[in-house]
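Student: Before accepting any label put on this model, I would like to see the cut-off behind it. Can we go through the labels one at a time?

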Amino acid sequence: MIKFTFKKDHGLINKVSVKGHALFGDYGSDIVCASVSTALIVTANAMETLGYKDQFFAKVEEGNFELEVYQSDSIIQGLLSNLEYTLNELEAQYKPYIKNQKEG
């Protein structure tokens, strides 16, 4: 199961943690893992290409993604809110395979 957490400070997302594997399908053809991975990488890449490279740190490893925001603005928050929405929608569609840990 994939477990994800969005940590917030004063309503602003400042940390994203995603761990695990969905086990929805065989390795290399698991659409839940692929969807989550794509959403994570697109978000981090967008933040970097929009010029926010020095305002966050992202670590990507097999079965583990961590993103920490050092300095935020409305664009970063928009991207992270979209990521949170996307992962929550995937959870609604694939409940046994992905779960929001809801730390706040």
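Tutor: What follows takes each label in turn and sets the value against the definition.

Student: How do you know which residues can be relied on?

Tutor: This is a predicted model, in which local features need pLDDT of at least 70 and side-chain atom pairs count only at pLDDT 80 or more, while totals for chains, interfaces and linings use all residues. Residues are numbered from 1 along each chain as its sequence is written, and side-chain values use heavy atoms, with hydrogens and water left out. pLDDT is the predictor's confidence in each residue, from 0 to 100. The protein chain has a mean pLDDT of 95, with 98% of its residues at 70 or more. Among its elements, helix α2 (residues 74-93) has the highest mean, 98, and β3 the lowest, 95.

Student: Why is M47 called buried?

Tutor: Buried means under 20% relative accessible area, exposed over 50%, and partly exposed in between (1.4 Å probe, protein chains only). M47 has 0% relative accessibility, so M47 counts as buried. M47 sits in helix α1 (residues 31-52); helices (H or I, at least four residues) and strands (E, at least two) are DSSP runs, numbered from the N terminus.

Student: Which residues does M47 touch?

Tutor: Contact means heavy atoms within 4.5 Å. Leaving out residues up to four places away in sequence, M47 touches Y52, K53, F56, L67, V69, I76, L79 and L80. L80 is 33 residues from M47 in sequence, and their C-alpha atoms are 9.4 Å apart in space.

Student: What makes β3 and β5 edge strands?

Tutor: Two strands pair if DSSP finds at least two bridges between them. The five strands form an open sheet in the order β3-β4-β2-β1-β5, with mixed pairing. β3 (56-61) and β5 (98-100) each pair on one side only, and are the edge strands. From one strand to the next, the twist averages 10°.

Student: How do you know that β2 and β4 pair?

Tutor: Strand β2 (residues 12-19) and strand β4 (residues 64-69) share five bridges in the antiparallel sense, against a requirement of at least two. One example is S17, whose bridge partner in β4 is E66.

Student: What is the angle between α1 and β3?

Tutor: Axes are lines fitted to C-alpha atoms, for helices over the stretch in contact, and angles run from 0 to 180 degrees between N-to-C directions. α1 lies across β1 (2-9), β2, β3, β4 and β5, and runs at about 150° to β3.

Student: What makes the phi of H10 and of L23 worth listing?

Tutor: Most residues other than glycine have a negative phi. H10 is not a glycine, yet has a positive phi of about 55°; L23, also not a glycine, has a positive phi of about 60°. H10 lies in the loop between β1 and β2, and L23 in the loop between β2 and α1.

Student: Are H10, L23 and K95 buried or exposed?

Tutor: H10 is at 77% relative accessibility and therefore counts as exposed. L23, at 65%, counts as exposed. K95 has a relative accessible area of 56%, so K95 is exposed. K95 is in the loop between α2 and β5. The C-alpha atoms of K95 and I2 are 10 Å apart in space, although the two residues are 93 apart in sequence.
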